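Visitor: I am new to reading protein structures. Could you walk me through one, a feature at a time?

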Amino acid sequence: MNDTNTQEQEVVTQDTDHVVVRIQHLKKSFGDNEVLKDINLELHKGENIVVLGRSGQGKSVTIQCIAGLMLQDEGSLEVLGKEVKEMTRSELREMRIRIGFLFQSGALYDSMTVRENLSFPLTRVLKLKDKQEIEKRIHESLESVGLEDAIDKYPSDLSGGMRKRVGLARTLILRPEIMLYDEPTTGLDPITSREISELIVALQEKYDTSSIIITHDMPCARITADRIVVMNDGKYIATGTYDELAKSPDELVHNFFK
Amino acid sequence: MASAILSSFNKYMEIAGDQVLFTARFARNIFRGGFEWGEFLRQCFIVGYKSIGLVGITGFIVGFVLTLQTQPTLKAFGAQSFVPSMIAISIIREIGPVIIALICAGKIASSIGAELGSMKVTEQIDAMEVSSANPVQYLVVTRILACTVMVPLLTIMADGLALLGGYVGVNIQDHVSFSLFFRKSFAALEFSDVMPALIKTFFFGYAIGFVGCYKGYHSKRGTESVGLAANSAVVSASLWIILLDAIAVQITNMIVY
C-alpha cells in the first residue's frame, strides 16, 4: 500500500517536473475587447497540444504571450519553470533561445537568401564564428525539412509550403525545447498541409520537442495532436484526444469534427 | 473642445515619450558588442550610392536655375561679377543642405519606413525578436547611422554639382571661364559658411534615418499601415529638417556673429 502511494507520488512529482509551460487564469484585453478570459493549460515535455478554435478567438495571442511578444494582463504564465512577466531582459533572451516560433507566414527575412536566413540566428544568437560549423548546421537543418536544393534561393522564389519548411528549419536550427506553431498549414493545399503536419511530428520525434500547435485545420490536428484543447469565447472549453473530442456531446466541440 | 485638445496633447506626449525611448534603445545598441558592419555597409550603399543620380541631378538643376533667376537682377545693378559668390554662399550655406535633405527624406525615409513597416506586417521583426536576435541592432542602428554618414556626403557632392550648374547657367548668357568662376565662388566662402552647414547635414541625416525607422518599426498590422508608415515618415522627416534648420541657423548666428 505504502509502495503504491510512493509510486503514485512519484508519478505526480515527475509529471509536475515535466511541465514546460504552465498557464493559470490568463487574461488579456486589447482596449475594451477581452480576448483571453480565463486560460488554463499545461504542456508536458514531449507532448504535442493542438489548440482548436474559430478565427479571432485569441489562439495566437496565447502563444505570443508564451514567447514574451506581449504580456498578459492577469494570471500566471510559466515557461520552463519561470514566470514570463517577471523575467529580466537576459532571462527572456535565454528563454527565447529555448523556444521556437513558427509564424503563420513563415516570416522569412525577404532580403536574405535561405542560407542567410538560417545562418542569421546562428551568428547573432549563438554567436557561432566557425564557417564550417555554420554550413554543417544549415545543411543539416535544411535536410531535415527536405529543402537542401533551395539553399541559395530568396523567399520570393519559394512556394508557400517551401516557405513554411524553411521557416521551420530556421526555427529548429537553434534546437528549441518548445515549439509554438501559429497555423502551420493555413493557405496550403491539402497535400502540402499533410506533408507539413507529418513533418511536424517527425521533427518533434527527432528533436524531442514539446509543441503547441494553433490551427483550425482538422487533418493537421489529427496527425499532430497528442491532446487537443478547444477554445471558445476566450476560454478553453474542452480537452482530450482527437477520438475523445470527436465523440463529444457538446455541439460547439462536435462541430469541429464534422 | 477642451477635452479634445487635452486628448490630442496626451497623444502627442505619448508619441514624444515613445520617441525618447526609441532613441535610448538606439543609443544603447550602438555601443553594444557585435556591431553589424556588413548590414551597415549595405545600408550605406543603398542610402548613398543609389541616391547619387537623384541627388546629383537635383543639385545641378538647383544651381543652374538659381543662376538663371538671379543673374538678370544682378546684371541690372551691374553686379554680375557677384554671381559666383552669391551662388556659392546661398548653395553651401542653406539651399544645398536643405534641398538635398528634403529630397533624401522623400527617397530614403519613405523607403526605410515602408521596408520596416512591411517587415513588421509580415512578422519578420517579431521573428527576429522571438529568436533572441536583436532587431534594433540589426535594422535600426545600421540604417540610422548609414543615413547620418551618407546624407552629408551626398550634400557635399550635390553642392559641387550645384556650383557646376551655376557655371553652366552663367555661360548661357555670358562667358566666364571655369577657373575664374570657381575661384570667385570659393573666395567668397568662409569657414563659418562651410562648417555649420556641414554639421547640420549630420543632424538632417540622423533625423531622416530615425524618423524612417521609428515610423516603420511602430507601424500597425495590415498592408495599409505600410503605406501610412512610408507617408508619415516623409512628412515627419521633412518637418524635422525644417525645424532643425531653423535651430541650426539660430545657433550659428549666436556663435558666429
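Guide: Start with burial. A residue is buried if 20 or more other C-beta atoms lie within 10 Å of its own, exposed if 12 or fewer, and partly exposed in between. Keep in mind that this is a predicted model.

Visitor: How many C-beta atoms surround A:Arg175 within 10 Å, and which class does that give?

Guide: A:Arg175 has 15 other C-beta atoms within 10 Å, so it is partly exposed. This residue sits in the loop that links α6 (160-172) to β7 (178-182) in chain A. Its backbone deserves a look too. A:Arg175 is not a glycine, yet its phi is positive, near 50 degrees.

Visitor: Which other residue has a positive phi although it is not a glycine?

Guide: Look at A:Lys127, with a phi of about 55 degrees. A:Lys127 is found in the loop between α4 (114-124) and α5 (131-144) of chain A. Count its neighbours again. There are 9 C-beta neighbours inside 10 Å, so A:Lys127 counts as exposed.

Visitor: Where is A:Gly81, and is it buried or exposed?

Guide: A:Gly81 belongs to the loop between β4 (74-79) and β5 (82-83) of chain A. It counts as exposed because it has 10 C-beta neighbours inside 10 Å. Now compare sequence with space. A:Gly81 and A:Arg22 are 59 residues apart in sequence, with their C-alpha atoms 8.2 Å apart.

Visitor: How far is A:Thr113 from A:Ser60, along the chain and in space?

Guide: They are 53 residues apart along the chain, and their C-alpha atoms are separated by 27 Å. A:Thr113 lies in the loop between β6 (99-102) and α4 of chain A. With 17 other C-beta atoms within 10 Å, A:Thr113 is partly exposed because its count falls between the two cut-offs. Leaving out residues up to four places away in sequence, A:Thr113 touches A:Asp152, A:Lys153 and A:Tyr154.

Visitor: Can burial describe a whole helix? Why is α2(A) called largely enclosed?

Guide: Count residue by residue. Helix α2 of chain A covers residues 59-66, and seven of its eight residues are buried, so the rest of the structure largely encloses it. The buried ones include A:Lys59, A:Val61 and A:Ile66. A:Ser60, which you just asked about, is another of them. Just after this helix, A:Gly68 takes a positive phi of about 75 degrees.

Visitor: Let us turn to chain B. How many helices and strands does it have?

Guide: Chain B has nine helices and zero strands. For its extent, use a box along the principal axes. The C-alpha atoms of chain B fill roughly 70 × 50 × 35 Å. Of its 257 residues, 46% count as buried. Then ask who touches whom. Among contacts in chain B with a separation of 6 or more, 87% join residues 24 or more positions apart.

Visitor: How do I read a pair of helices, such as α4 and α9 of chain B?

Guide: Check distance, then angle. The axes of α4 (residues 83-121) and α9 (residues 223-256) of chain B come within 7 Å and cross at roughly 150 degrees. An angle over 145 degrees counts as roughly antiparallel, so α4(B) and α9(B) are roughly antiparallel to each other. Their crossing is right-handed. The contact involves 15 nonpolar, eight polar and one charged residues.

Visitor: At what angle do α6 and α7 of chain B cross?

Guide: Here α6 (residues 135-173) and α7 (residues 178-188) of chain B cross at roughly 125 degrees, with their axes coming within 10 Å. That angle makes α6(B) oblique to α7(B). The crossing of this pair is right-handed. B:Leu163, B:Tyr167 and B:Val170 in α6(B) meet residues of α7(B), including B:Phe178 and B:Ser185. The contact of α6(B) with α7(B) has six nonpolar, one polar and no charged residues.

Visitor: What does a nonpolar core tell me?

Guide: First, the general idea. In soluble globular proteins, nonpolar side chains tend to be buried together. In this model, the largest nonpolar core has 134 residues. Those with the most contacts inside it are A:Leu180, B:Ala207, B:Ile208 and B:Ala237. The largest share of this core, 21 residues, comes from α4(B). Take B:Ala207 as a sample. Beyond its neighbours within four places in sequence, B:Ala207 is in contact with B:Ala237, B:Trp240, B:Ile241 and B:Leu244.

Visitor: How many residues of each chain are in contact with the other chain?

Guide: Ten residues of chain B contact 15 residues of chain A. On the chain B side there are three nonpolar, four polar and three charged residues.

Technical notes
Residues numbered from 1 in each chain as written. Chains lettered and ligands numbered in written order. Predicted model: local features only at pLDDT ≥ 70, side-chain atom pairs only at ≥ 80, totals over all residues. Axes fitted to C-alpha atoms, helices over the stretch in contact; angles between N-to-C directions. Helix = DSSP H or I, 4+ residues; strand = E, 2+ residues; numbered from the N terminus. Parallel < 35°, antiparallel > 145°, perpendicular 65-115°, else oblique. Left-handed = near helix turned anticlockwise from the far one by under 90°. Nonpolar A, V, L, I, M, F, W, Y, C, P; charged D, E, K, R; others polar. Contact = placed C-beta atoms within 7 Å. Core = buried A, V, L, I, M, F, W, Y, C linked by C-beta atoms within 7 Å.
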